[in-house]
Each structure stands twice: as structure tokens, then as C-alpha cells.
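Please open the model in a viewer and keep a selection tool at hand. The tour below proceeds stop by stop, stating at each point what to select and what is found there.

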Amino acid sequence: MNLSDRLTHPIFSTIGEVAATEQLETYVVGGFVRDLLLNRASKDIDFVCVGSGMDLAKATAKRIGSHVHVNYFKNFGTAQFRSGDWDFEFVGARKESYQRDSRKPIVEDGSLQDDQNRRDFTINALAISLNKNDYGTLVDPFQGIEDLESGIIRTPLDPDITFSDDPLRMMRAIRFATQLNFYIEAKTFEAIARNKKRIGIISRERIMDELNKIILSQKPSVGFILLDQSGLLELIFPEFCLLKGTETVDDKSHKDNFYHTLQVLDNICQSTKDLWLRWAAIMHDIAKPQTKRFDVRNGWTFHGHEVLGSKMVYRLFKSMKLPLGAEMKFVQKMVYLHLRPIALTKEEITDSALRRLLFEAGDDIDSLMKLCEADITSKNKVKVARYLQRFETVKQKLKEVEEKDQVRNFQPPVSGELIMQTFGIKPSAAIGTIKEAIKEAILDGKIRNDYNEAYAMMLEMGKTLGLTVVKQ
Ligand code: CTP
């Protein structure tokens, strides 16, 4: 197969010329070739040459012009430069073998075939020649093209060797299967299950990078189910596995919260690409196992799971080395509030309840509504349709209240400063009491979110607290 007409970026012909003058056998390799054949846009290109990758990068940059800044990574013998939003990496073909307890390879120079042998999957081991005699020819020693066509993830060598060399590849196999909607060949999958414990030598950050890519795919449940079936999920996120299973007492069963959560996650992927809102979906019921109770009157309950769950978010993010700043706080807030809009569909919807929800959710109200809508799952389609209809009413009413009362980002209409000036008092508890009472009155709809009404209430409150007006 010749792909020269697909190599449209000028870098390919430039490198072809450099390869000829420098007499360096050179190829495009890896993810770029895979994505080119799958018609997926990719702007990261890896070049491999039989010789020094650093020399190839240097000669290429020289030919392109002085504005190119090449980064050299001497320890790895690789080089990289950017051009616009394209990223080019250069590496010499290598033969690698890994030590058992470390990802650090012992590297030796090798041929193209050696280099392809040491790659993770057949679909990632494809190369395209940039050499004069066969420019554009696909070099495919492991029938990677057939695997691409039939949607199969398979290692080029014995999978026990490939995964033992770099255990992160077990996560990568599942990530590619999820992103590309591919099937992991049985022998390869069995090797993941067999080697799962080796994931222990990989850093949490790198594991989470892969998990986040699974979460950002179109249907993350596929990846989670594969992680579970291989036994990896139990090792990297055991709390999630605790959601599995149902229990029945007196003919009453609760739903399987593992599959429910995956359904919520898939649902929310229809309405957001935001990684942290997707994480909120993963975490929303995380404390259900710890809060589960059964009694004859109420059946199964999970009281307080939103409160405990939001507390668990910090510990889980910390242990998984996920960011602990605004992202984590957002997930906590979503978990904490996730029952509120749903509760509104079950009762008479009052403006006061809507205002309180808007006040607490603030600018995250739209995200919260997406999470709650995604959380409406049931095998009974009629039930789902009925809930969704009521949910639409809540959404509509929220909009009306928001337009009317503007409490989404509530700012007190009278300030502490004004209270102090009016009554001639120093900072004290009375100021907090007055401000809180005004806020509550606005949220309850007793007064409007308006300066004059709030001012009148402040005077009223001052009187009951025994304060005298010194400045009007
Ligand atoms: N590779 C590997 N083992 C790894 C990581 C990468 O064999 N653990 C090889 C594969 O041939 C891969 C190439 O290095 O195609 C480039 O890796 P990377 O840029 O991490 O991934 P891509 O395959 O390009 O995919 P993506 O950009 O989606 O991460």
C-alpha cells in the first residue's frame, strides 16, 4: 500500500530530502499513521530513523530555517520541535528491554523492525517510509492494517512481554478500545487480567491520564466495564467497585449502583465534554454503599449519601492524584447538591425552593441540572418519560425565577458598611444577623431582591435589636 498522496503536510517531503542527503533511513510511525488510516485528525507526528533522532531533527530544522527551536532530550536520545500547532518528535530506532521493577528501559540502537517490535499494539506499530526508493510505502509487519479494519487491539509480541515491559499499556489497550470502539483480542485481554498487579509500578498521574481519556470518550462505560472485567478497576479505584451488586429483602431490591452510575456517566456525555462534570457523574452516588439501610417501613434508603459522598471526593481525588483545587471543589459541590433538583420534581414547586437552589448552585446551576437530568434512569421507559417531563417544568420555573429575582449570584442589597453607618455601630454580630435575615427574607419571597425593600427591612430589624438610627 502506498500512502504518498495522503502525506500532504510539507514536513514529509522536507524530511524525505533530509533523509536522502543525510543517508538516514526514516519513517513516520505510531499514532499518526494509525489516525491517518482511520481518518482521525492528528497534529502530533513521530519520526523514527535508523541512526540518531537528534541528528535528523537538527538537519531538518536547519533546512526549514533559523526560526525553528529544537528541544533535545539527550537522556532519551530524542528531539522535538513545534511548527504552528503541529508537534514533531524524532527518535532513533531502538531495541529495548525493560527491568522488572521499573519502566526505565535499557536501550540499544536497532532496526526499524526492532523498533516496531517494541511498540504496544499492532495498530500503533505501522510505519510509512520517507525514503527515496519507496516513499509513502506502508511497512506493516504485524497485519496492523487488518486489525484497524476489523477493529482489533492486539500486541505485536506475546502480550505477557509487551505488558510486562510497560504495564501502562494495559490501560492504553482499554483506552483505545473505548475511544475507537475496538475489541481487545482474547489473548491480549487475558494477559491484562494476568498481569494486572504490575500496574502497581506505574505512577498514579499516568494511570489517571489514561482514565481521564476513557472518561472523555463518547461512551466511557465501555472502558469502565473492561477495567472491571480485567480486574484493573479494583486496583486503581476500589471504591467504585463497591457500588456493584443488588440486595433483596422482603422482595424489595435496590438498583445496582455500579451500572446505574455508568448509565449516568454515559448520559451526561451527551450534554457535556467537561471532564469534571463527568467526574461528578462518576462520584454522585459513591457513598451509597456506606449509607445503605433497610427497614420495613421505608425499604432501602441511602440517607445522607450526598453529604458523605461530597466529603469522600477530597480523599479520593487526593489518593488518585487528581487536582485538589477548583476542579475538586466543583465535583464536591455537584455531589452535595445532586438530589436537590430531583427533589423538586416530587413536590409542589415553590418559588422559595427554586430561589434557594439558585442561591446555592450559583453559576454552576446549569451543570447541576445536566447532572440531575442524566441521573434520571430506570428500566421503565414510561417512568423516565414522566420524570423528564416534570424535570422540564422545574427547568422552566427556574428560568422564570432567575429572571425575576436574580439570586443566581446573590449580592446583599444592603452592605455591612451601610448598616454600620445607619446605626452608628462598630463591626459586631448584629450586622451578620441583619444581613442574614434580609437574605432569608429574599429567598423566602417575603421581600424582593431590591435596595428599597431591603433598606426598610434593615430599619425594622434595627428597631427589634434596640439600635437607633444615626444617619438616614
Ligand atoms: N507507545 C508504546 N507504549 C506506550 C506508549 C506509546 O508502544 N506505553 C508507542 C506507540 O507506538 C504509540 C507511540 O508510541 O503509537 C506514540 O505514543 P503516544 O503519543 O503516547 O500515543 P498515540 O498512540 O500517539 O495516541 P494518543 O495521541 O491518542 O495518546
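In which helix is the place of R194? Select R194 to begin: the residue belongs to helix α8, which covers residues 186-195. Please bear in mind throughout that this is a predicted model.

**First stop: R194**

With R194 selected, display its surface. The relative accessibility of R194 is 53%, so the residue counts as exposed, the cut-off being over 50%. Next, add D160 to the selection. The side chains of R194 and D160 make a polar contact at 3.1 Å. For a view across the model, select H69 as well. R194 and H69 stand 125 residues apart in sequence, and their C-alpha atoms are 44 Å apart in space.

**Second stop: the domains**

Colour the chain by its domain assignment, which gives domain 1 (4-150), domain 2 (152-236) and domain 3 (416-464). Turn to domain 1 and domain 2, whose centres, taken over C-alpha atoms, are separated by 24 Å. To the contact, domain 1 contributes 22 residues and domain 2 contributes 22 residues.

**Third stop: the ligand**

Where does the ligand lie with respect to domain 1 and domain 2? Both domains give residues to the shell around the ligand, and the ligand therefore lies between them. Select the ligand together with its surroundings. The shell holds 13 residues, and the closest are R34, D120, D166, R169 and R175. Colouring this shell by class shows nine charged residues, three polar residues and one nonpolar residue.

Three polar atom pairs may now be examined one by one. Select R169: an N or O atom in its side chain is 2.9 Å from a nitrogen atom of the ligand. Select R175 next: here an N or O atom of the side chain is 2.9 Å from an oxygen atom of the ligand. Finally, select N124, where a polar backbone atom is 3.0 Å from an oxygen atom of the ligand. The ligand on its own has 560 Å² of accessible area, and the protein covers 72% of this area. Two elements give two or more residues to the shell, namely α2 (31-37) and α7 (168-180). Which of the elements gives the most to the shell? Select α7, which gives four residues.

**Fourth stop: I128**

Move to I128 in strand β8, which spans residues 127-129. Is I128 buried or exposed? The relative accessibility of I128 is 0%, so the residue counts as buried, the limit being under 20%. Beyond residues up to four places away in sequence, I128 touches L3, L7, T26, Y27, V28, V33, L36, G136, T137 and L138. Add M1 to the selection: M1 and I128 are 127 residues apart along the chain, yet their C-alpha atoms are separated by 9.6 Å.

**Fifth stop: T60**

Select T60 in helix α3, which runs over residues 53-64. T60 is buried, because its relative accessible area is 0%. What lies 2.6 Å from a polar atom of the side chain of T60? Select L56 to see the partner, which is the backbone oxygen of that residue. Apart from neighbours within four places in sequence, the contacts of T60 are I11, I15, V18, F81 and F90.

**Sixth stop: Q23**

Proceed to the loop between α1 (10-22) and β1 (26-29), where Q23 has its place. With a relative accessibility of 69%, Q23 counts as exposed. Inspect the backbone of Q23: phi is near 55 degrees, a positive value in a residue other than glycine.

**Last stop: the loop between α16 and α17**

Which loop holds K321? Select the loop between α16 and α17. At K321, phi is near 60 degrees, again a positive value in a residue other than glycine. K321 counts as partly exposed, at 48% relative accessibility. In this loop, which lies between α16 (305-319) and α17 (326-337), select L324 too. L324 is partly exposed, with a relative accessible area of 33%. Leaving aside neighbours within four places in sequence, L324 is in contact with Y314, F317 and K318. To close the tour, select A374, which is 50 residues from L324 in sequence and 25 Å from L324 in space, C-alpha to C-alpha.

Terms used
Residues numbered from 1 in each chain as written. Predicted model: local features only at pLDDT ≥ 70, side-chain atom pairs only at ≥ 80, totals over all residues. Heavy atoms only, no water. Buried < 20%, exposed > 50% of the residue type's maximum accessible area, 1.4 Å probe, protein only. Polar contact = N/O pair within 3.5 Å; in protein donor to acceptor, adjacent residues only side chain to side chain. Contact = heavy atoms within 4.5 Å. Near = heavy atom within 4 Å. Areas by Shrake-Rupley, 256 points an atom, 1.4 Å probe, with all protein chains shown as cover. Nonpolar A, V, L, I, M, F, W, Y, C, P; charged D, E, K, R; others polar. Domains from an automatic or database assignment.
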